[in-house]
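Take a look at the structure shown here. The paragraphs below walk through it step by step.

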Amino acid sequence: MSTKTERLDPWSIEDVEDYDRLIRVFGIERINDNLLRSLPFLNRYMRRRIVFGHRGLWEIIKAIKENRVYAVMSGIKPTGVFHFGSKITAEQIIYFQQLSPKAIVFYAVADIEAWEDNGIPLKESREIAVDNVADLLALGIDYKRLYVYRQSEEERVLRLSYVFARGLTYNLLEAIYGEKHIGMYMSALVQVADILLPQLEEFGGPKPTIVPVGVDQDPHIRLTRDIARKYSREYGFILPSSVYHKLQKSLTGSGKMSKRDPMSYLTLNDSSKMVELKIKRAFTGGRETAELQRKLGGRPEICVVYQLWLYHVDDDVKVSRVFEECKSGKRICGECKLELIEEINKFLEKHKERKEKFRDLARELLERKKYTLESLKNII
Ligand code: SF4
C-alpha cells in the first residue's frame, strides 16, 4: 500500500503491515465482540479475528434474524489453480451461506478481468474456471443455492456496467484506483455490476448482499456503495455489505500469497511432495540456532508457517498449542513444519477426492445446464 497516496490497489497490493491504519484511513468498521455475538455461529476466520473489518454487516445480521433472503456475492479471477488465499474467500462465502437457509450465493467467474489484468484469453479461462468451481464445490458450498456465471456471458452484468459508466468521471476512478488503463477501470465497473446483480428484478429485486473479500478489494466495495447510492431511486438498491479478511502472506515472507509467483503459495492441486518442498522452504519466525530458539522462543507473529496453522487448521486446541510451544521455545521450526505438512496433506488428499466427484457438475453449472436462475425461484 502506498502511504503517500492513501490508496489500496486491488490489482497489485503486496502486503499490509498495519490493519488498524486501514480501518482509520478508509473508514472500515471494526469487527467487535458485540457483532460476533449476534451471528448464529462463527467459523475460524471470524473467531480468530482473521476477518477484522466490515462495512454494513448489521444489514445481514438483521436479514438472518428476520429470516429474509440475502445474497452472498463473490467470485474468482480464473487465472490458475485455487491457492490458499482464494480458499479463505471461498470458505467465507460458504460460511455466509450456511448462516441462513435464505442465503443465495452469486459466484462470478471474472474472465473479463483475467483478460484485462493477466491477458488470459476467454477460451483458456473457461477450462480454468471448471477447476476453480470444482474446488468451490468440494469445499462444501450448497450448489442448490448457488448461481455461477462468467462475466463475459452474463448480459445483465455487462448492461449494468454500461449504465453505471454514464454516471462516472475519470477523476473519480483515478481518485479511487490511481492511474490505470481504461480496460482496468472497465473491469472495475463490471465488478460493481457483479455485486449489484443479485438485486435486479430477475433475481427477486433489492436485497441485502454480503461480499466477503480480502481487504485489498475494498476500493471496489467503496465504488459499488457510491454507485448503489446514486442509482437507488432507479433500481431500489440496498447498499451492499462487506467483510474483510487479512491477506495470506507469501511463503517467502514478503508480500501476499500471489498467483504471480508460484513458489509463494500453496494450491489446492499441489502434490504432497510439492507441499513438503514449499513448506520446508517457507519463511519462519525461528531463531538463528535451535539452541537460541529453546532459550528465547520463536516469533509466531511474523512466521508464515504459523499463519498457515492459524488460517487453515480448524482445531483451536492444536493451534494454541503451536503458539504456546513456539513462544516458550519448546517447539523447533523443523518439527513444526513437518507437523504442518502432515496436516495440509491430510486435508488436500480428502479435498482432491471430493473435487474429482464434482468436476462434471462444475462444468454443467458453468454451461448453465443445472441450477440456473429458474431453480432459485423457490427461494427468491
Ligand atoms: S516453531 Fe513453528 S510457529 Fe514457531 S517460528 Fe518456528 S515454524 Fe514458526
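The tour goes from the sheet to the core, then to the ligand, and ends with a few single residues.

Keep one point in mind: this is a predicted model.

Begin with the sheet. It has 7 strands, and it is open. Follow the strands across it and you read the order 1-2-7-6-3-4-5. The pairing is mixed. Which strands stand at the edges? They are strand 1 (29–30) and strand 5 (146–150). Each has a single partner strand, so one side of each is left without a neighbour in the sheet.

Now find an antiparallel pair. Strand 2 (residues 51–55) and strand 7 (residues 241–245) run antiparallel, and 4 bridges join them. One residue to look for is Arg-55, whose bridge partner in strand 7 is Ser-242.

Move along to strand 3 (residues 70–76) and strand 4. These two run parallel, joined by 7 bridges. Two facing residues help you line them up. Val-72 has Val-105 as its bridge partner in strand 4, and Gly-75 stands opposite Ala-108 in strand 4. How does the chain get from strand 3 to strand 4? It crosses through helix 5 (residues 84–98). This β-α-β crossover is right-handed.

Strand 3 also pairs with strand 6 (residues 209–214). That pairing is parallel too, over 2 bridges. Val-72 takes part here as well: its bridge partner in strand 6 is Ile-210. Now check how covered strand 3 is. Here 7 of its 7 residues are buried. Tyr-70, Val-72, Ser-74 and Ile-76 lie on one side, with Ala-71, Met-73 and Gly-75 on the other. Both faces of strand 3 are covered.

Is strand 4 (residues 103–109) enclosed or open? Count its residues: 7 of the 7 are buried, so strand 4 is largely enclosed by the rest of the structure. Its side chains alternate. Ala-103, Val-105, Tyr-107 and Val-109 point one way, while Ile-104, Phe-106 and Ala-108 point the other way.

Strand 4 pairs with strand 5 in the parallel sense, over 5 bridges. Tyr-149 in strand 5 is the bridge partner of Ala-108. Val-109 stands opposite Arg-150 in strand 5. Strand 5 stands at an edge of the sheet, yet 5 of its 5 residues are buried. Leu-146, Val-148 and Arg-150 sit on one side of the strand, and Tyr-147 and Tyr-149 on the other. Both faces of strand 5 are covered.

Next comes the core. In soluble globular proteins, nonpolar side chains tend to be buried together. The largest nonpolar core in this model has 98 residues. Which of them touch the most other members? They are Phe-106, Val-133, Val-148, Val-192, Ala-193 and Val-305. The largest share of this core comes from helix 17, with 9 residues. Domain 1 (19–251) and domain 2 (262–357) both give residues to the core, so it lies between them.

Turn to the ligand. How many residues surround it? There are 15. The closest are Gly-298, Cys-303, Cys-326, Cys-333 and Cys-336. Three helices each give two or more residues to this shell: helix 15 (304–312), helix 16 (316–328) and helix 17 (333–366). Helix 17 gives the most, with 3 residues. By type, the shell divides into 8 nonpolar, 4 polar and 3 charged residues.

Finish with three single residues. Arg-49 lies in the loop between helix 3 (44–47) and strand 2. Its phi is near 60°, a positive value in a residue other than glycine. Arg-49 has 15 other C-beta atoms within 10 Å, so it is partly exposed.

Asn-67 lies in the loop between helix 4 (57–65) and strand 3. Asn-67 also has a positive phi, near 55°. Is Asn-67 buried or exposed? It has 9 C-beta neighbours inside 10 Å, so it counts as exposed.

Last is Ile-23, found in helix 1 (residues 19–26). Ile-23 has 17 C-beta neighbours inside 10 Å, so it counts as partly exposed. Ile-23 and Arg-7 are 16 residues apart along the chain, and their C-alpha atoms are separated by 13 Å.

Technical notes:
Residues numbered from 1 in each chain as written. Predicted model: local features only at pLDDT ≥ 70, side-chain atom pairs only at ≥ 80, totals over all residues. Pairing = 2+ DSSP bridges. Near = placed C-beta within 6 Å. Nonpolar A, V, L, I, M, F, W, Y, C, P; charged D, E, K, R; others polar. Buried ≥ 20, exposed ≤ 12 C-beta atoms within 10 Å, placed from the backbone. Right-handed = clockwise from strand over helix to strand, strands pointing away. Core = buried A, V, L, I, M, F, W, Y, C linked by C-beta atoms within 7 Å. Domains from an automatic or database assignment.
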